[in-house]
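Work through the exercises that follow with the structure open beside you, and try each task before you read its solution.

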Amino acid sequence: MALQQFESEANGTDTAQHPLSPPRRSGRADELERQIDQLLGRLHIAVIYGGDKSADGAVIHRTLNPRSWKSYQAVAQDIADALQCIGFRHVIVVPDDMRLGENLQRHGTHLAWLNSGGVQGYNPMTHAAAMLEMLGIPYVGHDPLTAGTLDNKHVFKRELLHLGIPTAPFVTWHLARGAFRPKVNSRFIHAFKDHWGPFVVKPVSGRASLHVHLVEDEADLPDVVADVYHATENHVLIEAFLPGHEFCIAVSGLVMSKAGRLQRRSDPFAFAAIERRLEPDEKIFTSMDVRPITENRVRALNTQADAADLDQLHELARAVFLEMNLESIVRLDVRADGQGKLHVLEANPKPDLKKPSNDVTSLVCAGLASQGMSYDDLILSLLADRLDLLFSQRRGTVTHLTDLLD
Ligand SMILES: Nc1ncnc2c1ncn2[C@@H]1O[C@H](COP(=O)(O)OP(=O)(O)OP(=O)(O)O)[C@@H](O)[C@H]1O
Ligand SMILES: [Mg+2]
């Protein structure tokens, strides 16, 4: 696909005048379009999925997985297929494991795309990003510190508190300090002075609602905290249960593609706002491992009927992206309290980008149609935004990319 003309300067959304726009973006729209066109036949891209620690030669010693492991290989293939559809000629899919550097070197990789939750060990979401930093391979995805902050719900929530962004009251516990004793735990008493239950107990680093428990009675907390600890061998998060509607919204950088046309915005691109539909007796959204995300599990929000929720969602998405200096996509999971006020549950650093097929979709892609965006638009948006950042802010460190340009 030949890239079409950027619209930004033509439609008056040039960033140069906007106080929120990083200076790197201004005046480069046409140039970026030409650069991407040149890269279609020259750039070697590797999409990275989570390696399997039991595969021969994947790791030196097998260790534990505090974060429930999944390969995400099928989604990596969806991303690779879309890149090829867009026109990139050299795209491979490789596992995140001990041979990653060797594989990338062998394939002459210029740029990677992170679609891995890691192989094993603590903070696995950060490992491939850290390795790519060390190897000098630029990538689409979050840097190691950001990935680690976002994938540790308690660390992320501490940032939210500092930034004044609403999130449910919470404490953490680690069983190395003994049993959890809410009656005498001063942090618990302070955090939950206005909340008598129910509670949610969950892993600090988890996925797909795994090991997430609703606890009605404070007296049951010690046992459930111990269960989650034994399942994950990591810190455990205890937070107030939010009884209201549940929503998601994705947010990414300033450069995006709509109907095959690149645009430059003046604000982060918040999109795909949906409600996760819960059954009447479904307090915790059922794991997608058990019940795949189908069209009837999500509802695209309506600009008129859902205006108040949409306003709150857009403001939360914009605040998280800008205040945390994010540089790549996240999907915010959000839930309302009893009064309808929205609170951020988490920001997923590697949201599921499964391409919709046979009624099974992903929470981000289920909301694309309402934006007039295709799956290829989503993938081109994320890639173009990263290239824009590299070429304007990190030009000196990506000479192997700029050498590919005329
Ligand atoms: N404080 C809360 N109040 C109400 N429901 C909650 C709360 N925390 C979690 N949940 C429920 O549990 C589900 C999973 O929680 P969360 O999003 O924090 O973890 P996850 O397992 O990483 O999710 P994901 O499916 O996005 O990977 C949420 O979608 C929501 O239904
Ligand atoms: Mg979630």
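Two strands are said to pair if DSSP finds at least two bridges between them. The model used here is a predicted one.

**Exercise 1. Find out how confident the prediction is along the chain, and where that confidence is low.**

Solution. Begin with the chain as a whole: its mean pLDDT is 91, and 93% of its residues reach 70 or more. Then turn to residues 1–22, where the pLDDT is below 50. Beyond near neighbours in sequence, this stretch has 44 contacts in the model.

**Exercise 2. Name the domains of the chain, and describe how domain 1 and domain 3 are placed with respect to each other.**

Solution. Step one is to read the division of the chain, in which domain 1 takes in 1–15, 27–38, 159–168 and 242–406, while domain 2 covers 42–141 and domain 3 covers 169–240. Step two is the distance: the C-alpha centres of domain 1 and domain 3 lie 30 Å apart. Step three is the contact between them, in which nine residues of domain 1 touch nine residues of domain 3, in the sense of being in contact.

**Exercise 3. Decide whether strand E3 is enclosed or open to the outside, and identify the strands that pair with it.**

Solution. First look at burial, for which a residue counts as buried if 20 or more other C-beta atoms lie within 10 Å of its own. Five of the five residues of E3 (residues 111–115) are buried, so this strand is largely enclosed by the rest of the structure. Next follow the side chains: Leu111, Trp113 and Asn115 point one way from E3, whereas Ala112 and Leu114 point the other way, and all are buried.

Now take the partners in turn. Strand E1 (residues 44–50) pairs with E3 in the parallel sense over five bridges, and Tyr49 stands opposite Asn115 of E3. Strand E4 (residues 139–140) also pairs with E3 in the parallel sense, over two bridges, and here Trp113 has Val140 of E4 as its bridge partner.

**Exercise 4. Trace the path from E3 to E4, and describe the helix that lies between them in the unit.**

Solution. Going along the chain, E3, helix H4 (residues 127–135) and E4 make a right-handed β-α-β unit. Look next at the buried residues of H4, which are His127, Ala128, Ala129, Met131 and Leu132. These buried residues pack against E1, strand E2 (90–96), helix H3 (100–106), E3, E4 and helix H5 (144–151). Finally, just after H4, Gly136 takes a positive phi of about 80 degrees.

**Exercise 5. Describe the sheet that contains E6, together with the helix that lies across its strands.**

Solution. The sheet is open and has four strands, in the order E5-E8-E6-E7, with antiparallel pairing. Its edge strands are E5 (170–173) and E7, each of which pairs on one side only. Neighbouring strands of this sheet are turned by 25 degrees against each other on average, with direction ignored. For a closer view of one pair, notice that E6 and E7 run antiparallel and are joined by three bridges, and that the bridge partner of Val200 is Leu214 in E7. Helix H8 lies across E5, E6, E7 and E8, and runs at about 15 degrees to E6.

**Exercise 6. Locate the unusual backbone geometry at Pro198, His211 and Glu233, and say whether His211 and Glu233 are buried or partly exposed.**

Solution. A general rule helps at the start: most residues other than glycine have a negative phi, and most peptide bonds are trans. Against this background, the peptide bond from Gly197 to Pro198 is cis, with omega near -5 degrees, and Pro198 sits in the loop between helix H7 (186–191) and strand E6 (199–203).

His211, in the loop between E6 and strand E7 (213–215), has a positive phi near 60 degrees. His211 is buried, because 20 other C-beta atoms lie within 10 Å.

Glu233, in the loop between helix H8 (221–232) and strand E8 (236–240), has a positive phi near 50 degrees. Glu233 is partly exposed, with 13 other C-beta atoms within 10 Å.

Terms used: Residues numbered from 1 in each chain as written. Chains lettered and ligands numbered in written order. Buried ≥ 20, exposed ≤ 12 C-beta atoms within 10 Å, placed from the backbone. pLDDT = per-residue confidence, 0-100. Contact = placed C-beta atoms within 7 Å. Axes fitted to C-alpha atoms, helices over the stretch in contact; angles between N-to-C directions. Right-handed = clockwise from strand over helix to strand, strands pointing away. Domains from an automatic or database assignment.
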